[in-house]
Structure formats: structure tokens, C-alpha cells
Amino acid sequence: MQKYELIGLPRSYNYKEAEKKIAKYWEENDIYGFDEDDNTRSVFSVDTPPPYVSSAHLHTGHAMSYSQAEFIIRYKRMKGFNIFYPMGFDDNGLPTERYVEKKYKINKGKISREEFIDYCLKETKIGAQTYKNLWKSLGISVDWSLSFSTIDEKCRKTSQKSFIELYKKKLIERRNEPIIWCPACRTSLAQADIATQESPGILYDIEFSSLSGEKLIISTTRPELIGACVAVYANPADARYLRLKDERIKIPLYGRDVPVKYDESVDMSYGTGLMMVCTWGDAEDVRKWKEHNLDTVIIIDEGGRLNEKSGQYKGVNIREAKKLIVEDLKQNNLVKNENRLVHTIGIHDRCDAPVEFIQTSQWFINILDHKDEFTFAGNGLTWFPSFMKTRYEEWVSNLKWDWNISRQRFYGVPFPVWYCSKCAEPVLAEEDELPVDPLVSPPRRAAQCPKCANKSFIPEKDVMDTWMTSSMTPFINASWVEKDSSLMTKIFPMSLRPQAQEIIRTWLFYTVVKSIYHTGNLPFNNVMISGWGLDKNGKKMSKSFGNFVAPEDVIEKYSADSLRYWAAKANLGQDLRFNEEDVANGRRLLIKIWNAVRFLVSNIDDDFDPYLEDIGKIGFGMVERWLLTGFENILRSAGKYLESYEYSSALRITVDFFYNIYCDNYLEIVKNIFWDEGGSSIEGKSERKRRSLNAMYFVSLNILKVFAPFLPFITEELFLSFYSRFETGKSIHLSKWPELRKDLIHEDSIKTMQILLDILESSRKLRTNLNLHQNHKIKRLFIRSLDAELIDALNILSADIISACRADELIISDLADFPTANPAIFISLEK
RNA sequence: GGGCGGAUAGCUCAGCAGGUUAGAGCAUCGGCUUUACAAGCCGGGGGUCACAGGUUCGAGCCCUGUUCCGCCUACCA
């Protein structure tokens, strides 16, 4: 073990130096290592979010949410849990591809798959290192030996095994059907990848006509799709259109004709009450197409251009096509009206391009048939804060599509699948050949197709949705792919899943799906959802928006502890504005802590021993009893708050206690007994000093322990450089959370001490009024009270009142006239 | 359209099984420097708790409605 030098404390706390030194100390001494062989302690396992390393720079919002989870984890560690706290890097999939494409201005169509993957791997490496450095400097206490990267061998193997298992359980199937498609990224997507965007549009009233010559107006925002129109719909209750029952409607510009159909979903009051249904303008078109067996006229290709079925518009992209078609309709005098409107359109959440529907073969995980199960699962989790559960429930109940896990991209985990070149029967890899890339190796086991005995195969080119891997994080952590992994019983289900709110519908939901399908159990017990970091104007911080504050800069200027202090200000689940003043307040707290401990350190003698006598057996006077009572009460509350993930309240009450009770009052009341003054009237001064030092040692050490989860660096620095003279253990973070000492609680001391505090407050006011500084020695302090009980109390407190008010003498007299907060007591003083 | 969160001092936020006179930090004003800390200490001023009703002996907190802000969700093409 590395030695830590015991030194006297310098005048000021050099956090830059100290934080670097301590981060190194933690690493070299493996302070945060998980002990797999320890069977004495319970395990607390954390399903840490793997951030996209391709974003390169994290902002203070990330620092905030990781810190918030970490407060709880550090607390649990001190409560004696064996902590399993890994760090993953999410470096596979579309986010990384998008990042690489942008950074190197790559066109997916013009680069080989291998080259592209090389770029991704390179960026991934750089990103991971950047992240790791930042987490270390922020004091995130993960066990780095438990790191994983979602593109590494174990993760690929895990995803592929998951695929094979679910396929065997008939929960995965390949279907050729209309699917959400991003024309910009040229890939299919899942429902969870879609965001909505309000955008202005135009509702065109277009004149159609029936074969019998009747003119009909149909309103649509997507005239470019008229070539894909396969039916015209009306509401079955709409008397106006019942007569069209056996009619066919001619499509303008195309001349094709389509049937008239009826469906209750058609809003009679919208437009003319007639609606065109296309292949496929939106999810509702897809539903009608499926339910009513409509024709299929696909006119959009994978790149978002119109194809040959669109006739003269072939090769034109959708936006252009809209203009051209509207123009042509207008020339034929078929546009009867235009109404501006704002409508919500679905966009791809990674690139903001409007999504379309096209039909291709994709792999789907069945989820729609199990919605009830997943809703039920949400109830099995303990949500912090509880209202976040609603987000999950809403999402599950609104699911309309099975989970499409195929992506027509390059960089991701390959499917362990080949297809028979003759009959297209899929052939899956065996588990012991994973991970496998079908583009590189042929199917080893299946020398021939099980269905038609053909011997040639076509590899699956698609890669898996990135969430296919991320949803396996509890399994990756538990080494599920390794035979007889003892971790599956040790850390699974995981104790805590901390994460951001916007990925409830993806990471959280998909993980629940996978866990239930693979094990029948929930993947974790507790869910902790953090809010967002906002900029100082209240807008969500984001890299792409450019309104982010770099955590490295904040740490450099104010220290990691100060940044964490800011992060602790928001209640869990609530957004937090970045406010430099608050960070500066954190630094102010550090300096105060430093100096408060320095006061203790500079006043102990060589023979000081805090454990000579048990703290409970020392015959403390009223002031120390009050201090200890206050501390124990704070300890009890802070513990309660932390148990329910209310870290911000825990820190707040501790800070309040530290400032108001410990520093501003306790230390001020007793400090002059440490002054080397001749002729002091305090009797038994050395004994009084000893008791005070014992109380200070006890309270300051235990306050540091309560601060430790929040301010890991300064608490460690003080622990190692001073307290470790008397304490065992190589880190404050491995020390035990203070036990509640009920024997130190004397509730009556609070009431009695209030008398002294009222007098002290008024004495301070008097001094201010008289322009006297607070340590100015006064000759006499006069106190007037007619209450016999109060006078008894004053006599008990007299020595402390004299000390607190820096008086030479206390006289109970009727001279006093300055009111105190206690209406029965007046004071005055004589310079 | 439905839902969730928020609205408290100039600013950022606490507060709650409903209980005297609503708190903190910052900012502001005044005072104080040998004796842990001037990146400090002491003190002062500052609030119709978004609005309107209601329940209650008593409401920032509970109920009803309204208005703003943020978010989630939704097939009005």
C-alpha cells in the first residue's frame, strides 16, 4: 500500500494539487475495487450508463447526473456494501457512425465497410480515454477493471447470444413489412428512435374525381404521395359519402383509380371528410393497409427519392417532388385551396430527418404481445423519483410496433445469421462460435441448408440496433456469456440502474424486455432517474446546441468537489441550471472545512488521544452535549435522506449544521479557551480544552464522513493527512458510515443552549451597534431576567456565556436593557 | 387532445401528515482585520408563496378552476 504522508495542514487548501494526488492514490491502492470473493458483505451492484464515447466532450449536465448516482453509491460503500460499479463505453452503432461521418465528412455510399469501421474504432478509442480522464478527475468511484465497450468481443458475443436465444424462443422473427425508415441514414428504425417535431406545413385541397365523373375534394399535407394512393376513405357514419360505396376514384396526374373504403378513424370534420390512404404516409396508413388488405404502390426508395412508379418524378427527392407535383396539380387547376397549419411529424432522433415508411425484410423482437407483462414489470421496480414511472407506463401502453433490431449500417454488432442462397432459410451460428461476423466467416456447423440441402449461403449484411447491445448491460456486467458465471447470482439483478430520463423508453425499457425474456426476472431493483443540466438561461445543455459548459474547465477553476457540490443541489429528477455562483459556493465550503479542521489540528498536543476514553463516558458540559445532540440528529436525518435517494437534502442539512452550529457557534463559543492568555478566569482550562478537543475530533471526523460521498477529495485529503493518525483503514471512503449514538443525544440541551444562543446573538448585535469587533474583550456582561428558572439556567451556563461573549465578568443585574430573542432576557455590556 | 413536473426574496433554490412571525446562498446596505477562515466574520433591509374560488379553528402545502414555463405522449390526414 502506498504511504500517505502525515503532515500539518498548510494554511490554504490547494485543491488542484490535492485532487490529482488523491485520484492517483485511489488508483494505486485500488480503493474502489469490487471483491468477487468476499462473501461477508452484501453486494450493491450498479448498472452504470455507458455514455456514447463519440460525443467526445461531456458537459456539466453529464457530470451532474453521474455525480448524483455516485453520491448514493459512495454512501452504500460506507454502509458496508461490496460495491460492483463498472464503467461501460457505448461505442457501437449509429451515434458513433453519425459522429464519424460528420467529423470526417464521410459519405456512407463511397467508403468501404472496413475503412469506415476503422474510423469508428479510432474515434472510439480517443473518446473512451477522454471520458475516463474526466470521470477520474471528477472522482467517480468506479472499478475500472470492470470496464467494457459495447463493440468489444464480450459485448458482441452477448448480443449475438441474446439474438440466438430469443430466436429459439420464437420471440424473434424476420418479417417483410412496412417499417419506419430514415432516408438520410438509409436505415430502418424502431419506434423508440423517432422523435416528433412540430413543423409548419400546408394542407392542400386537391380535386379528385370518381370514374362516373363526380368531383371530390380531398385534403392532404402530402400531395407528393398521390402516386402512392391506394384507397380513398370516409367515415362509415358520414352520410355524404355512403353513395360512393361502389365507386372508384381517379388519382389526379396518374389516372389510376382506387376503391373507396370506410373506417371509423376518419374524422368527418377534417377537410371534406374524405381522406387518401397511401403506401405509406404514416402509421395510420400502414394500419389500414394491413387491416383492409389494400394494394401496395411503393413510390419512395431507400434514399428518399421517388422511383419509377412515380412516372415522370422518378429520381426526385421527396421535398422537390412535393413542389413539382403541387405545381403540376395547379396547372391542371386541381388545387382548390391551401391552408397553412402546424403539424407534428416523426423525425429520426439522431439526424432530425423526417422518417418515411418503406417495406423491407427486418428482424423483429416481439413486444406487442407482451405489453401487459412489461407494464407489470414497471411496478416491480422501485422508482426514484416515483413520478418517473409514469413515463415508462405511458411508453409501454403506446407501443405500436414490435422492436425492429435491424439496421442497414456498417458499424455495429453483426447478426449471427446466413441465408440459404436458394430458399432464403436463415441459418444461425452456434453459441460456441460467437462472436461471429457472417461477412467474414461461413456458417461452420450448417454445411447445408436444413430445409433444401443447398450448400451456399448469403451472409446477413445488416447490423443490430445499438440498443440490442445496450439492453444487455446487466448481462454483460454479470458475464452471462461465460459458462457458470458466479456473477449471475452475485450481482444480478443489479441493485441500481441510474440513468437519464430521455432513455427510459430505450435503454430502460429494452433492458426490462431482455431480462424478462432471458431470465423471467427484472434486471434491477432500483431505478434512479436524473434531471437535466440546464444552461444559465434554463435551456437544456447540449453539445449540438453549443450551450454547454465543459466540466474540465469547471474542475480546473473550482475543483471537482465544487462541481459535485453544485450537482448535489438539485433534487433527484429535477433539472438544474448551471450557475457559477453555486459552484463557487462549493469552493467556499471546502475552504471552510479546511480551516475548521486546521483549527483542531493546530490545537492538539502530541499526547492527544481521541480514544483514551469513550466519547459517551466523557462528562461533557452543556455546550458539548448540545453540539453532539445536534450532530446525531443531523446524522440520523442525513441517513434517512440518503436511503431514499434524497441526497440534496442530506447535504443541505449537513452543510447548515456545519456552518451554523459547528463553525459559527460552537467554535466561536469555545475558541477563546484555546487562546493563550494570562489571567483567564476560566477554571480547569486544560480539562475544558481536552473535552472540547474530544468533541471537535468526534464531530469533525463524522461530519467529514457525511460529506465524503459528496466531496470525496477534500474529505480524503483531511482523513489521510490528519485523522489517519488515529483511525485505521486506508481511505475515508472505506470507513464505516457513523453509527447513530443515541447515548450522545440530550434533547434538553437544545432548549437550554437556546438561552445562550439568544444572549450571544444579542451580544453580537450590541457589538455591531457599538462598532466593536466580535473578539473584542468586554469588561462586563449584564443580564436581566425575572424568571427564576432562567436564572438557574444562566448560572449553569455562566462559564460558557462568559466565553461565548468574550466577557471578563458576568453580572446578573437589573442594568440590562437590550432585548434578546427571549422576551424574558435582556442584556447590556460594558466595554 | 391526454399526462407529468415546475411557478416561493432582485437571482438560484429549500420548505410540507396543513400549525406561532415563510428559510438558505448569492446580490444589496452597514459594521468588524494580530489569536481556523477577507475566497472571512457580525448585523440590517428585502416576500400578496402565479391567479381565482373552496375545505379547515388554521393553507405556500389539501380540493376545483385558470394562466404561464419545461417535458413526455398522441392517427386529424
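**View 1. Helix α3 and the largest cavity of the predicted model.** α3 gives the most to the lining of this cavity, with three residues. Two or more lining residues also come from each of β21 (463-464) and α10 (466-470); α3 itself covers 94-104.

**View 2. The centre of the largest cavity.** The volume is about 120 Å³. In total, 17 residues line the space. Closest to the centre are L94, P95, R407, D465 and T466. By class, the lining holds seven nonpolar, three polar and seven charged residues. The model has three cavities of 30 Å³ or more.

**View 3. The protein surface around RNA strand B.** The strand is surrounded by 51 residues, the closest being D267, Y270, R505, N585 and H773. This surface divides into 22 charged, 17 polar and twelve nonpolar residues. Sugar or phosphate accounts for 68% of the strand B atoms within 4 Å of the protein, and bases for the rest.

**View 4. Polar side-chain atoms at RNA strand B.** K592 places a polar side-chain atom 2.8 Å from a phosphate oxygen of the strand. For R577, the distance from a polar side-chain atom to a phosphate oxygen is 3.2 Å. E394 faces a base instead: one of its polar side-chain atoms lies 3.0 Å from a base nitrogen.

**View 5. Helices and strands near RNA strand B.** Two strands, β8 (215-220) and β13 (335-348), each give two or more residues to this surface. So do the helices α9 (389-398), α16 (580-603), α18 (647-670) and α21 (747-769). α16 gives the most, with eleven residues.

Terms used. Residues numbered from 1 in each chain as written. Chains lettered and ligands numbered in written order. Predicted model: local features only at pLDDT ≥ 70, side-chain atom pairs only at ≥ 80, totals over all residues. Heavy atoms only, no water. 1 Å grid on protein atoms, 1.4 Å probe; cavity = no way out; pocket = protein on both sides within 12 Å on 5 of 7 lines; lining within 4 Å. Points joined across faces, edges and corners; volume = space filled by probe spheres on them. Helix = DSSP H or I, 4+ residues; strand = E, 2+ residues; numbered from the N terminus. Nonpolar A, V, L, I, M, F, W, Y, C, P; charged D, E, K, R; others polar. Near = heavy atom within 4 Å. Polar contact = N/O pair within 3.5 Å; in protein donor to acceptor, adjacent residues only side chain to side chain.
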